[in-house]
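Here are my notes on the model you sent. Please read them with the structure open.

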Amino acid sequence: MDDASVPLATRAERAPGPERFRMHIGGAWVDAADGRTFESRNPFTGAVWAELPLASADDVERAVRAAHEAFMSGPWAAMSASDRGLLLHRLGDVIAANARYLAELEVRDNGKLMVEMLGQMRYLPRWFQYYGGLADKVEGSVTPIDKAGMFHYVSYEPLGVVGAITPWNSPLLLTAWKLAPALAAGNTVVVKPSEFSSASMLGFARLFEEAGFPPGVLNVVTGTGAEAGAALIAHPDVARVAFTGGEAGGRAVSEAAARHFKRISLELGGKSPHIVFADADLDAAVHGVISGIFAAAGQTCMAGSRLLLESSIHDAFVERLVARMKEARLGDPFSETTDVGPVATEQQLEKVLAYIEIARSEGAACVLGGKRPSDPALQAGWFVEPTIFTGVTNDMRVAREEIFGPVLSVMRFETDEEAVALANDTPYGLAAGFWTQSLERALALPKRLRAGTVWVNAYRVVSYMAPFGGVKQSGIGRENGAAAIHEYLEPKSVFLNARSRITNPFTLQ
């Protein structure tokens, strides 16, 4: 991508200070109406690298108005489902051509490893290609109605304006989970990204222009949840709110949306169990556990943060796990040799360190990590060592509350029944995983684990084809998969009186 075409400040304006970004509303790049801004800091250096508009309710009003107008009239409203699908396919091609650009924005904004973010960005086009293919596959139905002379059919229509409120840990991937089906269904969207990682979403919006989307179909407002997010949820022209984030934020969204009778989907947090049975391939399981909790510095909603080990392998497995993680390299997320990067925000760093002290006070034994690294090269960034606690019981806070960092709680079990009971003894239910060579167990346990996703001899695998979401306090609704497009459609019931007359106007026909 030509640097001059990116919706940032000009090269001269960007040097030497932070890069300046603008919001995307109605096809135009705009500042906040009142001129306010906020800063984004690089998690690796701790330094301010970007300046972004701080949206108010007035800015949200502008964005929703633009989205509503685009939905009601103009080229998007007149576009056939097949043409929408072609446009989404074109967007996928544009994303693929700009994957590195998007990945670099994400790494600077949230500190995730470049190797992971580049992989995500190269996978991202699949969402738009998949739902582009589904756009013209939504079929209605004809009902063999029980009324003489009456013809009845059901059609599916878009909701209108969708408000998407997205998190800081994988901003573009988790936004695509909402955008792709919403747009395929014919809706327009206003995105409010996390104030901790908004830059990549603004870079992403530039690609919609390049792909040829009409103005107003995608709008991006940047700011806080308390101000911009609340205004988006409350706006009367927003028909649905799709939210990914923490439990507290999800509760606030749910309560606010209920006051306005809005449809919602909530993908929230988890305290996911990762079970290893004695018959498992232990080397494979060690790598799976590492992927589940230490990849992305533990900052994934599906993190396998509770490790349940069958007692007969507990000590040997912990020894292997600790030895492998002692080799893990902390460092610059742009470096290909880095295994673990920083956590995304200074607030999150303080939260993780606080939970580590809570675990110690509750009597858990820290067998790895438990502090900030001593390497002078890492002092400016928001790093915490990968941390493992043994001797954890399921009533400890470290086992029950989502930490969202590289902290693993290890527990023992004796039988399958005890493992399932421990796994399900949590207020959350987003994901679960287990390792075994028993086909009988592999088939039986997924039915007994109370989680929206269960991995067998794998962990942290997602696909645009596979529904994702949680039970209990892990959320409402599902994203991904063919059915997700119906989350952004509503059925319309149409009665056609072929006789063109009414027998008795004072009775129910």
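1. Helix α6 covers residues 114-123. Its buried residues are Met114, Glu116, Met117, Leu118, Gln120 and Met121. What do they pack against? The partners are α4 (81-97), α5 (99-110), α7 (125-134) and α8. Please keep in mind that this is a predicted model.

2. Confidence comes next. The pLDDT averages 95 over the chain, and 97% of the residues score at least 70. Residues 1-14 are another matter, with a pLDDT below 50. In the model this stretch has 27 contacts beyond near neighbours in sequence. Where pLDDT is low, predicted coordinates should not be read in detail.

3. Now the nonpolar cores. The largest one has 70 residues. Which of them touch the most other members? They are Phe128, Leu179, Phe204 and Phe213. Helix α8 (residues 171-184) gives the most to this core, namely 10 residues. A second core is separate and has 58 residues. Among them are Ala297, Ile358, Leu408 and Phe434.

4. Phe213 deserves its own entry. Set aside its neighbours within four places in sequence, and Phe213 is in contact with Trp76, Leu87, Leu88, Leu91, Leu183 and Phe208.

5. Ser194 sits in a loop, between β9 (188-192) and α9 (199-211). Is Ser194 buried or exposed? Its relative accessibility is 6%. The cut-off for buried is under 20%, so Ser194 counts as buried. Residues up to four places away in sequence aside, Ser194 touches Thr166, Pro167 and Trp168.

6. One open sheet has three strands, in the order β6-β7-β21. The pairing is antiparallel. At the edges are β6 (141-143) and β21 (489-497), each of which pairs on one side only. From one strand to the next, the twist averages 25°. Strand β7 (residues 150-158) is joined to β21 by nine bridges. Within this pair, the residue opposite Ser155 is Lys492 in β21. As background, strands of a sheet pair through backbone hydrogen bonds, either parallel or antiparallel.

7. Another open sheet of three strands has the order β1-β5-β4. Here the pairing is mixed. The edge strands are β1 (19-20) and β4 (37-41), and each pairs on one side only. Strand β5 (residues 48-53) runs antiparallel to β4, with five bridges between them. One position to check on screen is Ser40, whose bridge partner in β5 is Ala50.

8. β18, helix α17 (residues 439-448) and β19 form a β-α-β unit. The unit is right-handed. Strand β18 (residues 431-435) pairs with β19 in the parallel sense, over four bridges. Which residue stands opposite Trp455 of β19? That residue is Gly433.

9. Last, the two faces of β19, residues 453-456. In a regular strand, side chains alternate between the two faces of the sheet. The side chains of β19 do alternate. Thr453 and Trp455 point to one face and are buried. Val454 and Val456 point to the other face and are not buried. Trp455, then, is a buried residue of β19 that stands opposite Gly433.

Key. Residues numbered from 1 in each chain as written. Predicted model: local features only at pLDDT ≥ 70, side-chain atom pairs only at ≥ 80, totals over all residues. Heavy atoms only, no water. Pairing = 2+ DSSP bridges. Axes fitted to C-alpha atoms, helices over the stretch in contact; angles between N-to-C directions. Buried < 20%, exposed > 50% of the residue type's maximum accessible area, 1.4 Å probe, protein only. Right-handed = clockwise from strand over helix to strand, strands pointing away. Core = buried A, V, L, I, M, F, W, Y, C linked by side-chain atoms within 4.5 Å. Contact = heavy atoms within 4.5 Å. pLDDT = per-residue confidence, 0-100.
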